[in-house]
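Please read the points below beside the structure itself. They are written for someone who is meeting this model for the first time.

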Amino acid sequence: MKLLALLPLLLAAPLAPQLAIAQAAPDTIYFHGNILTGAHLRANDPSTEPARVTALAITAGKITATGTDSDILALATSHTEKIDLHGAFAMPGFNDAHTHIAEAGRERLTIDLNGTHNLAEMQQRVRDYAAKAAPGQWILGGGWDHTKWPSKTLPTRQDLDAVTAGHPAFLGRTDVHIALANSAALAAAGLTAATPAPFGSQI
């Protein structure tokens, strides 16, 4: 099966089947395709399969109609460009809007390590925070990204021990798939060199 990965004009918003046809003639028509519109066959029923059409019309950079080849090609004029998809699959463009919003909020309330340019800058932010922390208070935060540092080297618990003044500390990386814990935090969690890593993880 051919795959068209797709047309920038198929924006992030799902396409509605059989969109109202604009009065202006389309600039471009894509036809003979397998076009996933993102809309469901029955309105407000997520259990149904998303609707598919074989053709769509573009006018002034916007999708103005979707439907069968015959219906959409009937809209063409002598100025309309017609593009045969030869059965290729097409779908709305990808828009990755996911975010770790709760984690982002916690970073603003704890140590925000976003934008640190190297390990020393990260350590200084942690040191400043630890100096104001109550005795025994956990030092939490995140946002660091070692891939943006000149060394591109992951920080270690010893790097954190040097600036946390005995406070347990746990600092998540920007992608929240990695976290850095100091010795006090590891001790509080009962983690040692002999602790087996959870499935799919690494200590």
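1. A definition is needed before the pockets are discussed: Ala, Val, Leu, Ile, Met, Phe, Trp, Tyr, Cys and Pro count as nonpolar, Asp, Glu, Lys and Arg as charged, and the others, Gly among them, as polar. With these classes, the lining of the second largest pocket has five nonpolar, three polar and three charged residues. The reader should also bear in mind that this is a predicted model.

2. The second largest pocket has a volume of about 180 Å³, and its lining includes Glu103, Arg106, Glu107, Leu140, Phe170 and Ala179. Helix 2 (101-109), strand 9 (139-144) and strand 10 (169-173) each give at least two residues to this lining, and the largest share, three residues, comes from helix 2.

3. The largest pocket has a volume of about 780 Å³. Of the 21 residues that line the largest pocket, those closest to its centre are Ala179, Ala181, Leu186, Gln202 and Ile203. Strand 11 (179-181) and helix 5 (183-189) are the elements that contribute two or more residues to this lining, which by class is made up of 15 nonpolar residues, five polar ones and one charged one.

4. Which residues make the nonpolar surface patch of about 290 Å²? The patch is formed by Trp138, Leu140 and Phe170, and of these Leu140 and Phe170 also appear in the lining of the second largest pocket. Tryptophan 138 is placed in the loop between helix 3 (119-132) and strand 9, and it counts as partly exposed because its relative accessibility is 39%.

5. Turning to the salt bridges, the count comes to three. In one of them the side chains of arginine 125 and glutamate 121 meet, at 3.1 Å from N to O. Arginine 125 and glutamate 121 are four residues apart in helix 3, so about one helical turn separates them. Arginine 125 counts as partly exposed, at 27% relative accessibility, and glutamate 121 likewise counts as partly exposed, at 24%.

6. Where do the partners of the salt bridge between aspartate 145 and arginine 173 lie in the chain? In this bridge the closest N and O atoms are 2.8 Å apart, and the pair links distant parts of the chain, since aspartate 145 lies in the loop between strand 9 and helix 4 (157-161) while arginine 173 lies in strand 10, 28 residues apart. Both aspartate 145 and arginine 173 are buried.

7. Arginine 173 also forms a salt bridge with aspartate 175, the closest N and O atoms being 2.7 Å apart, and Asp145, Arg173 and Asp175 are thereby linked in a network of salt bridges. Within this network, arginine 173 counts as buried because its relative accessibility is 9%, which is under the 20% cut-off for that class, whereas aspartate 175, at 24%, counts as partly exposed.

8. The backbone deserves a separate remark, as most residues other than glycine have a negative phi. Histidine 32 has a positive phi of about 55° although it is not a glycine; this residue is located in the loop between strand 1 (28-31) and strand 2 (34-40), and its relative accessibility of 41% makes it partly exposed. Histidine 86 likewise has a positive phi of about 55° without being a glycine; its place is in the loop between strand 6 (81-84) and strand 7 (89-90), and with a relative accessible area of 48% histidine 86 is partly exposed.

How values were computed: Residues numbered from 1 in each chain as written. Predicted model: local features only at pLDDT ≥ 70, side-chain atom pairs only at ≥ 80, totals over all residues. Heavy atoms only, no water. 1 Å grid on protein atoms, 1.4 Å probe; cavity = no way out; pocket = protein on both sides within 12 Å on 5 of 7 lines; lining within 4 Å. Points joined across faces, edges and corners; volume = space filled by probe spheres on them. Patch = residues over 30% accessible without salt bridge, like charges linked within 9 Å, V, L, I, M, F, W, Y side chains within 5 Å. Areas by Shrake-Rupley, 256 points an atom, 1.4 Å probe, with all protein chains shown as cover. Salt bridge = Lys/Arg side-chain N within 4 Å of Asp/Glu carboxyl O. Buried < 20%, exposed > 50% of the residue type's maximum accessible area, 1.4 Å probe, protein only.
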